[in-house]
Amino acid sequence: MPAPIRLRELIRTIRTARTQAEEREMIQKECAAIRSSFREEDNTYRCRNVAKLLYMHMLGYPAHFGQLECLKLIASQKFTDKRIGYLGAMLLLDERQDVHLLMTNCIKNDLNHSTQYVQGLALCTLGCMGSSEMCRDLAGEVEKLLKTSNSYLRKKAALCAVHVIRKVPELMEMFLPATKNLLSEKNHGVLHTSVVLLTEMCERSPDMLAHFRKNEKLVPQLVRILKNLIMSGYSPEHDVSGISDPFLQVRILRLLRILGKNDDDSSEAMNDILAQVATNTETSKNVGNAILYETVLTIMDIKSESGLRVLAINILGRFLLNNDKNIRYVALTSLLKTVQTDHNAVQRHRSTIVDCLKDLDVSIKRRAMELSFALVNGNNIRGMMKELLYFLDSCDPEFKADCASGVFLAAEKYAPSKRWHIDTIMRVLTTAGSYVRDDSVPNLIQLITNSVEMHAYTVQRLYKALLDDISQQPLVQVASWCIGEYGDLLVSGQCEEEEPIQVTEDEVLDVLEGLLVSNLSTPVTRGYALTAIMKLSTRFSSVNRIKKVVSIYGSSIDVELQQRAVEYNALFKKYDHMRSALLERMPIMEKTASNGPTEIVQTNGETEPSVVEPKHPPPVTLPTNQGTDLLDLLGGNDMALAIPNTVPTKPASAGGELLDLLGDLSLSGGPAPTPAPSVPTSQPSFLLDGLSSQPLFNDIAAAGIPPIIAYNKNGLKIDFTFERANPNPNIAVITIHASNTTETDMTDFVFQAAVPKTFQLQLLSPSSNVVPALNQGTVTQVIRVLNPQKQQLRMRIKLTYTHRGSAVQDLAEVNNFPPQSWQ
Amino acid sequence: MRFLLLFSRQGKLRLQKWFTAMTDREKKKIIREMTTIVLARQPRSCNFLQWKDLKIIYKRYASLYFCLAVENQENELLALEVIHRYVELLDKYFGNVCELDIIFNFEKAYFILDEFLMGGEIQETSKQIVNRAIESSDMLQEDDHSEWYEVELFGP
């Protein structure tokens with residue numbers, strides 16, 4: 001068989017390939033040749049073949065069949081073989097394969113070889129890719145070499161020890177004795193690697209750290225070495241642009257940082273040298289700045305005196321003015337870390353930082369933006385916001401979302417006036433509207449609601465913005481919500497803050513209808529628009545137009561819109577008497593914690609248009625009318641309100657609430673959605689158990705819980721029967737049966753219930769609202785009670801009905817629940 | 001340091017050194033991402049960028065990009081010096097090094113790197129000592145046909 005081609009030859013050949021396919025062909029051919037050569041166990045050319053294999057591996061081709069060959073090379077006596085063999089091992093083998101363990105013995109032998117370069121190869125390989133098992137086996141050898149006087153081997157052994165400690169931290173102790181004299185070396189290589197080893201030990205173990213501080217007096221030693229480096233004259237071997245061994249200087253500074261952190265004595269001992277380095281280092285080249293940078297990091301991390309800290313921040317300030325981009329970037333990053341602790345000092349450089357917003361470099365712009373937001377406070381908010389808004393206008397899209405969120409946060413914390421706040425929000429919505437995060441919309445709505453005196457101004461500005469541009473969805477959503485709420489203020493021209501515009505009702509409705517039909521509007525936006533139109537029916541006089549729009553959308557393809565339209569339609573037709581109350585002005589919302597189980601509190605049937613749940617329930621300051629009488633149930637103690645079919649405020653379920661408040665709904669005209677409230681899937685899980693308005697289970701009381709008589713007065717009797725026929729044991733399902741022993745029917749019968757705060761309640765639709773006379777039939781209704789804390793069940797009920805021509809209302813408390821119903 | 005990559009302006013890999021254990025698939029993915037990100041950078045941008053939880057320092061020398069990934073607490077400005085030092089070592093060894101030298105002598109490039117760095121840390125800060133070590137090792141290779149002989153380069 002002819003001799004395998006040389007490595008250089010192969011590389012040359014492969015480079016002549018003009019296509020990927022051609023290259024692949026060449027490689028495959030050569031691989032085949034190499035494979036057969038391996039099979040022949042040819043010692044002479046093995047090295048050459050493995051080298052070629054490594055080249056092909058770098059091009060991305062598989063080379064695993066060479067792994068064992070690497071091992072054979074390592075075991076060879078020839079240095080050339082070992083060199084390539086170890087290189088191959090580092091490139092092709094990894095600890096996931098058991099093959100690598102076969103190396104252990106070879107490495108062990110080579111660690112004891114008579115030639116230092118062979119020992120070096122072994123140390124290097126072990127220190128690069130040794131697995132935990134290998135490290136455990138060979139740690140002793142490494143430790144031995146750590147004590148040798150041969151500096152070439154000593155430095156390698158030190159780094160090898162670092163690797164061993166990283167892989168097997170428990171072995172750290174065994175290297176401790178060998179570290180005793182490491183720092184008295186003159187050789188920089190050994191010094192450097194020793195500092196690395198000591199750093200690794202101190203970082204990993206607080207005990208080691210304490211030991212080195214107290215017993216070994218590491219800090220004075222390091223200070224001495226650093227001083228020598230700075231003060232000594234030119235040393236050709238280690239000089240870099242006039243600085244002596246910057247790599248070693250930086251490493252020492254880093255170790256000093258760890259030693260000085262949270263330790264007064266150590267920090268004190270290094271104060272002088274840090275000041276010296278900070279003032280004496282040449283800053284004209286990158287090298288000097290690298291050392292200064294490390295010094296600043298150390299000063300900020302240890303317990304340095306304030307003079308030193310100011311010095312550090314000033315260095316960073318100078319960095320900010322440097323022409324070199326890298327240095328500016330590094331300065332911004334460091335200032336970001338220190339802005340919390342040394343806020344005032346960083347504030348002094350605010351104008352430079354703000355200038356960096358205009359830098360061309362993307363990395364610098366991002367850092368400058370983050371830092372600018374960190375520097376905003378009550379004093380500089382107006383100026384800073386101007387700069388940041390200007391930045392928002394002109395920055396790349398990747399920044400806009402973060403910037404917008406930052407602006408909102410800052411404005412919320414430090415707004416000098418409500419008008420300024422609204423103006424700022426308007427500016428963000430109009431310039432970066434499409435990048436604003438979805439959760440900003442409900443937050444903004446809440447903010448606007450709470451700025452009562454600004455309502456007219458806000459709605460006017462938003463209206464004008466809509467006239468210009470309807471493509472930015474968050475802006476459009478907020479605007480339609482406001483117009484729906486405050487449209488009356490808009491047309492009456494009540495604005496005080498600026499010149500009121502003349503707008504007619506029809507113009508407003510034109511705009512809202514425009515949103516409904518526009519291709520730019522998302523389904524969510526359309527929902528907002530439709531609800532806004534509906535709300536205006538109580539604020540505007542052109543009700544007929546609104547009625548027409550609403551009924552058109554009753555046949556919309558979009559299920560969401562269709563449902564809303566149908567329900568609003570129903571409001572017009574059958575429940576007109578409730579409409580004004582339902583569509584009343586929203587009260588001031590309290591902000592609650594954003595995450596956390598909220599109690600299910602009713603918004604009085606008022607449709608909350610936002611699809612994203614605003615997690616704040618309106619407090620109990622609603623005007624009295626029929627719908628709010630429920631609150632009287634609470635009677636001022638800590639019972640939570642539960643309205644029939646209450647769910648977390650989602651539009652579809654809000655519609656469901658309406659349906660249930662109003663009892664059975666017979667829909668006339670237009671295709672009706674299914675009578676059962678459509679259940680959105682994001683309801684609390686216990687509602688997902690196949691919810692519908694029909695009872696879920698047969699009336700046979702399978703659970704064997706005895707029924708109770710909950711109420712019996714004036715001829716009206718209400719029984720409670722219990723079920724536990726669902727997978728969730730915390731839910732009690734109660735069916736009420738209302739019967740009437742008098743001779744006249746009880747009509748318009750409504751059953752309402754309230755439970756203590758630790759429970760949650762859901763009332764499904766009743767079977768009817770007429771309790772027939774003389775026990776001819778019963779009205780049934782299902783209640784589901786969630787009782788996760790297994791507390792004793794109590795309930796307050798309220799009954800309203802018309803009997804013999806007069807309205808009857810009664811309140812009662814039910815305390816006789818059988819224990820099995822809630823345990 | 002986590003890894004060091006050298007690649008050409010067309011994205012062809014010329015050298016890869018990994019300082020932590022990783023699967024082949026992960027390595028390939030990282031190489032692809034690095035080449036894409038670095039080659040897309042504007043010509044006069046700063047040499048640092050943030051990638052996942054690592055800092056990437058890259059510098060172009062002639063037709064080769066040197067790309068070094070370090071952990072968050074490491075000094076980026078010094079990393080630039082590390083890259084520069086490696087280029088100087090290559091330059092001294094090959095004499096006016098160019099990309100072709102590294103292509104045709106990739107194993108030598110690795111040997112030099114392994115005398116300069118180990119396990120993600122700097123091993124030797126003196127240029128002369130690294131160069132002498134490489135020269136001596138090369139001489140050992142030439143003597144393979146006879147027997148070993150000790151090469152005493154420098155004392156304790």
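Let's start inside chain A of this predicted model, where helix 10 (residues 188–204) packs against helix 11 (residues 206–214) at an angle of about 125°, the two axes lying 5 Å apart. Angles from 65 to 115 degrees count as roughly perpendicular and those over 145 as roughly antiparallel, so helix 10 of chain A is oblique to helix 11 of chain A. From helix 10 of chain A, the residues making this contact are A:Leu198, A:Met201, A:Cys202 and A:Arg204, and helix 11 of chain A answers with A:Pro206, A:Met208, A:Leu209 and A:Phe212. Sorted by class, that contact holds seven nonpolar residues, no polar ones and one charged residue.

Now let's step across to the partner chain. Helix 5 (residues 79–92) of chain A packs with helix 4 (residues 106–116) of chain B at about 80°, and here the axes are 11 Å apart. The range for roughly perpendicular runs from 65 to 115 degrees, and the helix 5 of chain A and helix 4 of chain B pair is therefore described as roughly perpendicular. If you would like to find the contact on screen, look for A:Arg83, A:Ile84, A:Leu87, A:Met90 and A:Leu91 in helix 5 of chain A, which meet B:Glu107, B:Tyr110, B:Phe111 and B:Asp114 in helix 4 of chain B. By class, the residues of this contact divide into six nonpolar, no polar and three charged.

Zooming out, we can take in the whole interface. In total, 72 residues of chain A are in contact with 66 residues of chain B. The area buried between the two chains is about 6,200 Å², with carbon and sulfur atoms giving 56% of that area. Three residues, A:Met58, A:Arg83 and A:Phe247, supply 13% of the area that chain A buries against chain B, more than any other three residues.

A:Arg83 deserves another look, since this residue also forms a salt bridge with B:Asp138, with the closest N and O atoms 2.8 Å apart. Seven salt bridges are found across the interface of chain A and chain B, along with 26 residue pairs in polar contact. The side of chain A that touches chain B has 31 nonpolar, 21 polar and 20 charged residues.

Finally, the search for salt bridges can be widened to the whole structure, where 53 are found over all chains. One of them joins A:Asp301 to A:Lys261, the closest N and O atoms being 3.7 Å apart. This pair links distant parts of the chain, 40 residues apart: A:Asp301 sits in helix 15 (residues 286–301) of chain A, while A:Lys261 lies in the loop between helix 13 (246–260) and helix 14 (264–280) of chain A.

Methods
Residues numbered from 1 in each chain as written. Chains lettered and ligands numbered in written order. Predicted model: local features only at pLDDT ≥ 70, side-chain atom pairs only at ≥ 80, totals over all residues. Heavy atoms only, no water. Contact = heavy atoms within 4.5 Å. Buried area = accessible area lost by both parts, 1.4 Å probe. Salt bridge = Lys/Arg side-chain N within 4 Å of Asp/Glu carboxyl O. Polar contact = N/O pair within 3.5 Å; in protein donor to acceptor, adjacent residues only side chain to side chain. Nonpolar A, V, L, I, M, F, W, Y, C, P; charged D, E, K, R; others polar. Axes fitted to C-alpha atoms, helices over the stretch in contact; angles between N-to-C directions. Helix = DSSP H or I, 4+ residues; strand = E, 2+ residues; numbered from the N terminus. Parallel < 35°, antiparallel > 145°, perpendicular 65-115°, else oblique.
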